[in-house]
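Me: I would like to learn how to read a structure like this one, feature by feature. Could you walk me through it?

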Amino acid sequence: MIWAKEETMSRTELEKIQLERLQDTVKRVYEKVPAYRAKMETANIKPEDIKSLADLAKLPFTVKQDLRDNYPFGLFAVPKNELVRIHASSGTTGKPTVVGCTKNDLDMWTECVTRIAVMGGASKEDTAQICFGYGMFTGALGLHFGLENLGVAVCPTSTGNTEKQIMYMKDFETTVLVATPSYALHIAEVVHKMGLDPQKDLKVKIGLFGGEGMTEPMRDEMHRLWGSDMLVTQNYGMSELIGPGVSGECPELCGMHINEDYFLPEIIDPNTGEVLPPGEKGELVITCLKKEALPLIRYRTRDITRLMYEPCKCGRTTVRMENLSGRSDDMLIIRGVNVFPSQIEEVLLKVEEIGAHYEITVNRENHLDTMEIKVELVDEGLLESYAALGELEKKIKHQLKTVLGIVASIKLVAPNSLQRFEGKAKRVTDLRKEGI
C-alpha cells in the first residue's frame with residue numbers, strides 16, 4: 001500500500017514542487033530570520049538568485065551550533081504565539097537544540113510519519129506499542145500521531161519496566177513494535193528469559209525501529225530473537241528537521257525512501273562541502289521545504305550515506321538513502337585509521353558465540369591510541385574454558401583487523417552483564433576527548 005500520490009510522482013513533477021517550495025522557503029527565512037539573512041548576505045546570495053535546484057549549492061550550510069548560538073528561538077521564522085509544540089534535545093554537549101511546530105507543521109509531520117508507517121507494513125488493523133520515551137524527545141509523539149492518523153490503535157507504553165511492556169504486548173495482542181533497535185533486542189531477551197516464545201506467545205509481526213542506526217547484522221539478530229517472519233524496518237529523522245518521518249524503509253529493504261516533497265536531500269564531501277554526484281557516498285544534507293516554524297536550509301546531518309534515484313520495486317519513485325555508514329562527527333580516528341562504530345558492530349554481530357550488546361572504549365596510553373571492545377558471550381559456559389575464550393578472542397581480533405586494519409583489545413564478559421538502554425544506546429566512550 002502507498003499512502004500519498006507524491007510518493008509515485010515522476011522526477012519532473014517532484015522537482016517542480018521542490019523548486020517552488022525551495023524558493024518560497026529561502027525568501028521567507030531571508031525576510032524573517034535575521035541569522036539566515038546575515039549568513040546569506042555574507043555569502044552574497046539573495047532569494048532571487050535561486051532559479052533552479054542546482055542553485056541550492058550556493059546557499060550556506062546550517063549546523064547544530066547555529067541552533068545553540070540562537071537558543072532558544074533565534075532561528076524560528078514565526079512568532080512564539082504561533083507555536084503549538086516545543087521540543088528540545090537533552091543538551092548533554094552544550095545548550096539544548098530547541099525545535100518547534102505550528103499547527104501546519106504538526107499536520108505535515110503526521111502526514112510524513114503516516115507514509116513511513118504504511119511503508120513499514122502497518123495498517124488500521126494493527127495495534128502498535130510505542131516504547132520510545134515520551135517527553136521532549138520527538139520520537140514517541142511523532143510516531144504516535146502518524147500511526148493514529150493511519151487508524152492504528154496506539155499503546156503509549158513509553159520506556160522502562162520491560163516485563164510489564166511484555167505483559168501489555170501479550171494481553172493487548174500488540175502487532176507493531178516501535179522502539180530503538182537496541183531496546184527491541186533487550187525486550188526480546190527478556191521475553192526469552194520469561195520462558196515465552198515471541199512467535200507463539202506474542203503477535204508482534206512488524207518492527208518500526210528508529211532513533212539509532214540499524215546494521216544488517218542487527219536486523220538478522222532481530223529475526224533470530226523475534227522470529228524470521230517479523231518485518232523489520234527502520235526509519236530516519238532528527239528533531240531539528242522534524243523528528244521521525246524524513247525517510248523510511250519499505251518491505252523491499254533497499255534503502256529508506258525520503259519524503260522528497262518536504263525534504264530536499266544532498267550528499268556532500270564532509271571535508272570540503274562540495275556537492276557529490278548521485279550514487280557517491282558522503283554526508284547527508286537536508287533542506288526543509290514546507291516547515292513554518294523552523295525551516296532549516298542545507299542542514300548538515302553529519303550522517304554518512306548515499307542517494308539512490310532508481311525507482312523501487314514497491315512502486316515508489318522517491319529517492320532512497322542507503323543504510324547509514326556512520327556519522328562524520330562520530331568517526332573515530334585511531335592511529336591514523338578512520339573507524340566507524342557501525343563497522344565494528346557489523347563484525348561483532350556475525351560472530352555466533354557473542355550477543356548483540358557491546359561497549360567500545362578508546363584511550364591513549366604512552367601517546368598511542370588503544371581500543372578495547374567488551375562483548376557478551378551467549379553461553380556462560382565458555383567462561384570456564386580458558387582455551388576456548390582465547391580462541392574466540394583471537395577470532396574476533398582477526399575479523400576486526402581484516403575489516404578495520406587495526407588491532408583491538410577484546411574483553412569477553414558474561415551474558416547480560418553490559419548496560420542495557422531503553423533509548424539510544426551509548427556504545428562508545430572516547431577517553432581521549434577528556435584529556436585522559
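**Reading burial, bridges and domains**

Reply: Happy to. Asp126 is a good place to begin: with a relative accessible area of 4%, Asp126 is buried. Keep in mind throughout that this is a predicted model.

Me: Which residue does the side chain of Asp126 meet in a salt bridge?

Reply: A salt bridge is read from the gap between a side-chain nitrogen of Lys or Arg and a carboxyl oxygen of Asp or Glu, which must be within 4 Å. Here Lys205 is the partner, at 3.6 Å from N to O. The two are 79 residues apart and link distant parts of the chain. Lys205 sits in the loop between helix H8 (198-201) and strand E6 (206-209), while Asp126 sits in the loop between helix H4 (103-119) and strand E3 (127-130). Lys205 is partly exposed, at 42% relative accessibility.

Me: Which strands hold Glu283 and Arg302?

Reply: Glu283 belongs to strand E11 (residues 282-288) and Arg302 to strand E12 (residues 299-305), so their pairing ties together parts 19 residues apart in sequence. Their closest N and O atoms are 3.9 Å apart. As for burial, Glu283 has a relative accessible area of 0% and is buried, whereas Arg302, at 26%, is partly exposed.

Me: How many salt bridges does the structure hold, and which residues do shared partners join into one network?

Reply: The structure holds 28 salt bridges. When bridges share partners, they can be followed as a network, and one such network takes in Lys5, Glu6, Glu111, Arg115 and Asp261. Within it, Lys5 and Glu6 form a salt bridge with their closest N and O atoms 3.3 Å apart. Lys5 counts as exposed at 59% relative accessibility, but Glu6 counts as buried at 17%.

Me: Is Ile267 buried or exposed, and what does it touch?

Reply: Relative accessibility under 20% is read as buried, so Ile267, at 4%, is buried. Ile267 is found in strand E10 (residues 263-268). Leaving out residues up to four places away in sequence, its contacts include Val275, Leu276, Leu284 and Leu307. Glu283, the buried partner of Arg302, is also among the residues that Ile267 touches. A second case is Thr233 in strand E7 (residues 231-238), buried with a relative accessible area of 1%. Its contacts beyond four places in sequence include Phe209, Met214 and Cys250.

Me: How many residues of helix H10 are buried?

Reply: For a helix, it helps to look at how its residues point. An α-helix has 3.6 residues a turn, so residues three or four places apart point the same way. H10 (residues 341-348) is mostly covered, with six of its eight residues buried. Those are Pro341, Ser342, Ile344, Glu345, Val347 and Leu348.

Me: Where is the chain divided into domains, and how much area do they bury between them?

Reply: For a domain pair, begin with the bounds, then look at the interface. Domain 1 spans 1-328 and domain 2 spans 332-430, with C-alpha centres 30 Å apart. Contact involves 22 residues of domain 1 and 16 of domain 2. About 1,600 Å² is buried between the domains, 58% of it on carbon and sulfur atoms.

Me: What polar links cross that interface?

Reply: Five residue pairs are in polar contact across it. One salt bridge is counted between the domains. The side chains of Glu189 and Arg420 meet in a salt bridge at 3.1 Å, N to O. On the side of domain 1 that touches domain 2, helix H7 (181-193), helix H9 (216-226) and strand E15 (326-327) each supply at least two residues. H7 gives the largest share, six residues. By type, that side divides into six nonpolar, 11 polar and five charged residues.

Note on methods: Residues numbered from 1 in each chain as written. Predicted model: local features only at pLDDT ≥ 70, side-chain atom pairs only at ≥ 80, totals over all residues. Heavy atoms only, no water. Domains from an automatic or database assignment. Contact = heavy atoms within 4.5 Å. Buried area = accessible area lost by both parts, 1.4 Å probe. Polar contact = N/O pair within 3.5 Å; in protein donor to acceptor, adjacent residues only side chain to side chain. Helix = DSSP H or I, 4+ residues; strand = E, 2+ residues; numbered from the N terminus. Nonpolar A, V, L, I, M, F, W, Y, C, P; charged D, E, K, R; others polar. Buried < 20%, exposed > 50% of the residue type's maximum accessible area, 1.4 Å probe, protein only.
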